[in-house]
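The following exercises are meant to be worked with the sequence and the coordinates open side by side. Each task is followed by a solution that proceeds step by step.

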Amino acid sequence: MRVITVFLALLLAAVASPARAQPALLGEDTESIRLDPHLTYAIDPDGRADAAAMYARAGRGEFEPLPDGSSTFGFSDGAYWFHTEIFNSHAELQRWLLVLHYPLLDNVDIYLRYPNGRVEHMATGDALPFSARSISYRQPNFWLELPQRTRVELLVRVSSRSSMQVPLVLYTPTAFAERERDAQLGIGLFYGILIALFCYNLVLWLSLRDASHFWYMFHVAGFGLVVLCLNGLAFEYLWPNSPWLANYSIPLSMAISQIAMHQFARVFLELRERIPWADRVTLVIIAFYVLMGLGSLVLEYRTVVLPMTLAVFPGALYILALTVMSLRRGYAPAKIFLLAWSCLLFGTALYALVSFGILPKNFFTEYGIQIGSALEMILLSFALAYRYARLRSENETLVREHNEQLERHVARRTSELSTALEQLAEANQRLRESNRRDALTGLFNRRHFRDLFEHQMHHATEHRQTLGVLLIDLDHFKRVNDTYGHLAGDECLRWLGRCLGDTLSVHGAVIARFGGEEFVAVVPDMQGDRLLHLAEQLRVRICSEPVRYAGNNIGISASIGAFALHPGAGIGVDEALHRADDALYAAKDRGRNCVHAAEDITS
């Protein structure tokens, strides 16, 4: 029936508006969906049109498909309107998260029109405080209520002085959390690298007083700041209540990063001594960015950002050319510097080309500047080390006089590195353990339990032993959450985990949280009658004592399904769990708070 409903909805949409893009269909297996293939758009040159007028234009088929299927338009004037229809055929989920994966847009308005004519409006963007967003996230986002088997019209209005990029993606809450977990890991690694390099070179600068390390720190800090702003993290964490800073921090941070970049290249390549004319040209470029940075405080946003964005790529090419010239003149450290600058140039080029709408927006183009700059920073750190080694070899007499001091310094650094490696090993061990455990109860998680269960099955088969499988499910757990709150429910789950450990660990059982309020245990060398006795003992133990939380005594009980897996039965993990699960459901059908065994438990 659901398939027929979806088909009829599509047919009606096609008949009613043959020129429109196909509606976005949200099915049972939909975790996320990019809306670009389903969008049409129209431009409002003076930005004065309202939602009613644009809904009317969309109804008349005056919206056009996205050019080449891309929602990137570069630096553009006026307001852009995007239109699509969404049909939610998901049986349970009605609340979806709409995310606009570009954090630098000034004004983003969305309008949802339901079949009864009701229109819901939400707004966010850099021109509004950060709190205007549905969730605290660096990119604009909105919660959408999408009733089941209902076609909803979505209208999005975007206006901005920055590059017009409107990649809209619709997520389930779970899918968004999983995606953002990986994104946060990447961002954390990037800033972790920058902070580590900054701190390391800070120590070197304080120790050696070498100006190149100071300007390297300035370069790292400048790039870190501009990427922080470009990712929307600066607006989220540094000035969430200041839309003015959110907008003007972009050109200001760009100017600072470019000043730092050219000054570091000037010092590292020793332009004053080696290429005097290039040194003067570099000073002129630095002066240009100083003026742009000051001008960003008083001039219109695009007046400053456009020339700086256009100058980024030629500036990087200019430094690349100077590096090649230095290398040809015998300056050996320029080898690594050349490799580092090539990485930065490539990443910066990707970002600039996306800003002007030349390249499509994907993972590598969106995060190209982070990837390229991280590689560049690491390689520049190596280049500094190489440069330092070269200077040391050219001043052997001075090195011998300070040899003892340097040896102590190296020993200290080696000791610190060894300590750091030991701490890293311990942290990795803790991380591996946490990946195997359920965060709430401390028991094994479902994925690791399957590995342990398979191992137990192989061992039991080799030694001709019977494995007991118990599936335990808390009765009426939703009632506990509704009555006492989810924190009380969490305490009940933790208490049940401790109860399982106290009762079953003495029998060598492997215990895990199977999901929600369901737990599973595999008990080695446990025949049918003994397994039933143990399950009954566990059931009595669970319901004999209330869970105490926040002054409440919460009585709980559990239903238990038992299955004895005999050696040579030819049953795998999934089948064993399935039979225990059938027994568990039989226990629930008998009225809960009881033990039920699979039919062949004593065979």
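A residue is called buried if its relative accessible area is under 20%. With that cut-off, both Phe73 and Phe82 count as buried in this predicted model.

**Exercise 1. Describe the overall make-up of the chain: how many helices and strands does the chain have, and what percentage of its residues is buried?**

Step 1. Counting the secondary-structure elements gives 19 helices and 20 strands.

Step 2. Of the 603 residues in the chain, 50% are buried.

Step 3. Turning to contacts with a separation of 6 or more, one finds that 74% of them are made by residues 24 or more positions apart.

**Exercise 2. Determine the strand order of the open sheet of four strands, and find which helix lies across β7, β10 and β13.**

Step 1. The order of this open sheet is β2-β13-β7-β10, and the pairing is antiparallel. Its edges are formed by β2 (32–34) and β10 (141–145), each of which pairs on one side only. On average, and with direction ignored, neighbouring strands of the sheet are turned by 25 degrees against each other.

Step 2. Strand β7, which covers residues 95–100, runs antiparallel to β10 and is joined to it by five bridges. Within this pairing, Val99 has Asn141 of β10 as its bridge partner, while Leu97 is matched with Trp143 of β10.

Step 3. Although β10 is an edge strand, four of its five residues are buried, and the strand is thus mostly covered.

Step 4. The helix sought is α3 (residues 173–208), which lies across β7, β10 and β13 (168–171) and runs at about 115 degrees to β13.

**Exercise 3. Examine the aromatic pairs, and state what geometry is adopted by Phe73 with Phe82 and by Tyr137 with Phe176.**

Step 1. Over the whole structure, the search returns 18 aromatic pairs. One of them joins Phe73 and Phe82, whose ring centres lie 6.0 Å apart with 50 degrees between the planes, a tilted arrangement. Both of these residues are buried.

Step 2. The rings of Tyr137 and Phe176 are arranged edge-to-face, at 5.0 Å centre to centre and with 90 degrees between the planes. This pair links distant parts of the chain, with Tyr137 in the loop between β9 (119–124) and β10 and Phe176 in helix α3, 39 residues apart. Tyr137 and Phe176 are likewise buried.

Step 3. Extending the view beyond single pairs, Tyr41, Phe73, Tyr80 and Phe82 are linked into a cluster by ring pairs.

Step 4. Rings also meet charged groups: the charged end of Arg113 sits over the ring of Tyr55, 4.1 Å from the centre of that ring. Arg437, in turn, lies over the face of Phe444, with 4.0 Å to the ring centre.

**Exercise 4. Trace the open sheet of five strands, and establish how its strands β15, β16 and β14 pair and which helix packs on the sheet.**

Step 1. This open sheet has the order β15-β16-β14-β19-β20 and shows mixed pairing. The edge strands, each pairing on one side only, are β15 (510–515) and β20 (595–597). Neighbouring strands are turned against each other by 20 degrees on average, direction ignored.

Step 2. β15 pairs with strand β16 (residues 518–523) in the antiparallel sense over five bridges, and Gly515 stands opposite Glu518 in β16. Helix α15 (residues 446–462) packs on the sheet, where it touches β14 (467–474), β15, β16 and β19 (558–565), and its direction makes about 140 degrees with that of β15.

Step 3. Further along the same two strands, Ile511 stands opposite Ala521 in β16. The two strands form a hairpin with two residues between them, and Gly516 in the turn has a positive phi of about 60 degrees.

Step 4. β14 and β16 also pair in the antiparallel sense, over six bridges, and Gly468 stands opposite Val523 in β16.

Step 5. From β16, Glu518, Val520 and Val522 point one way, whereas Phe519, Ala521 and Val523 point the other way, and all are buried.

**Exercise 5. Establish how many disulfides the structure contains, and decide whether Cys492 and Cys594 are buried or exposed.**

Step 1. The search of the whole structure finds zero disulfides.

Step 2. Cys492 has a relative accessible area of 0% and is therefore buried. Cys594 counts as buried because its relative accessibility is 12%, which falls under the 20% cut-off.

Key:
Residues numbered from 1 in each chain as written. Predicted model: local features only at pLDDT ≥ 70, side-chain atom pairs only at ≥ 80, totals over all residues. Heavy atoms only, no water. Pairing = 2+ DSSP bridges. Axes fitted to C-alpha atoms, helices over the stretch in contact; angles between N-to-C directions. Contact = heavy atoms within 4.5 Å. Phe/Tyr/Trp six-rings, centres within 6.5 Å; stacked < 30°, edge-to-face > 60°. Buried < 20%, exposed > 50% of the residue type's maximum accessible area, 1.4 Å probe, protein only. Lys NZ or Arg CZ within 6 Å of the ring centre and 35° of its normal. Disulfide = S-S within 2.5 Å.
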